[in-house]
Amino acid sequence: MKSFLISDNRDTWVGMRLAGINGVIVHEKEELLEALQAAMKDEEIGLVIITERTMDLASEEIMDMKLKVARPLIMEIPDRHGTMRSENAITNYIRESVGIRI
């Protein structure tokens, strides 16, 4: 299985290319959704990596895809500037998803 990066940041793209991961740079919601659909059609791609800022362009659509499709796994990462999420982002995500407080 291959990995694929969708980023809004050239530095993140270059770093992933050095690690052997192909990807694209997008700046608009339509570009993001097109790249994601293309990655989902490719049977060899098992992991789609999306930077946080890129995820924010179409977070509702991407979360819907994450819930409905088993492959590829869609993972959100910070870019070279670090995370934009709060320090309790994972705890808040679990609380919203499952309804329990950790």
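**Exercise 1. Classify the exposure of Glu 61 and find its charged partner.**

Step 1. Relative accessible area sorts residues into buried (under 20%), exposed (over 50%) and partly exposed (in between), using a 1.4 Å probe and protein chains only. Glu 61 has 29% relative accessibility, so Glu 61 is partly exposed.

Step 2. This is a predicted model, in which local features need pLDDT of at least 70 and side-chain atom pairs count only at pLDDT 80 or more, while totals for chains, interfaces and linings use all residues. Residues are numbered from 1 along each chain as its sequence is written, and side-chain values use heavy atoms, with hydrogens and water left out.

Step 3. A salt bridge requires a side-chain nitrogen of Lys or Arg within 4 Å of a carboxyl oxygen of Asp or Glu. Glu 61 meets this criterion with Lys 29, where the closest N and O atoms are 2.7 Å apart.

Step 4. Glu 61 belongs to helix α4 (residues 59-68) and Lys 29 to helix α2, so the bridge ties together parts 32 residues apart in sequence. Helices here are DSSP runs (H or I, at least four residues), as are strands (E, at least two), numbered from the N terminus.

Step 5. Lys 29, at a relative accessible area of 31%, is also partly exposed.

**Exercise 2. Which parts of the chain does the salt bridge between Glu 44 and Lys 2 link?**

Step 1. In this pair the closest N and O atoms are 2.9 Å apart.

Step 2. Glu 44 sits in the loop between α2 (29-41) and β3 (45-51), and Lys 2 in strand β1 (residues 2-7); the two are 42 residues apart.

Step 3. Glu 44 is partly exposed at 44% relative accessibility, and Lys 2 is partly exposed at 45%.

**Exercise 3. Locate the partner of Arg 71 and describe both ends of the pair.**

Step 1. The side chain of Arg 71 meets that of Glu 43 in a salt bridge, at 3.7 Å from N to O.

Step 2. Arg 71 lies in the loop between α4 and β4 (73-77), Glu 43 in the loop between α2 and β3, and the pair therefore ties together parts 28 residues apart in sequence.

Step 3. Arg 71 has a relative accessible area of 25% and is partly exposed, whereas Glu 43 is exposed at 57%.

Step 4. A search of the whole structure gives four salt bridges.

**Exercise 4. Is Pro 72 buried or exposed?**

Step 1. Pro 72 is found in the loop between α4 and β4.

Step 2. Its relative accessible area is 2%, so Pro 72 is buried.

Step 3. The C-alpha atom of Pro 72 is separated by 5.1 Å from that of Leu 47, and these two residues are 25 apart along the chain.

Step 4. For the protein as a whole, 31% of the 102 residues count as buried.

**Exercise 5. Describe what flanks helix α1, then place α1 in the overall pattern.**

Step 1. At the start of helix α1 (residues 10-18), a side-chain oxygen of Asn 9 reaches to within 2.7 Å of the backbone nitrogen of Asp 11.

Step 2. After α1 comes Gly 20, with a positive phi near 90 degrees.

Step 3. The protein has five helices and four strands, and the pattern along the sequence reads β-α-β-α-β-α-α-β-α.

Notes. Polar contact = N/O pair within 3.5 Å; in protein donor to acceptor, adjacent residues only side chain to side chain.
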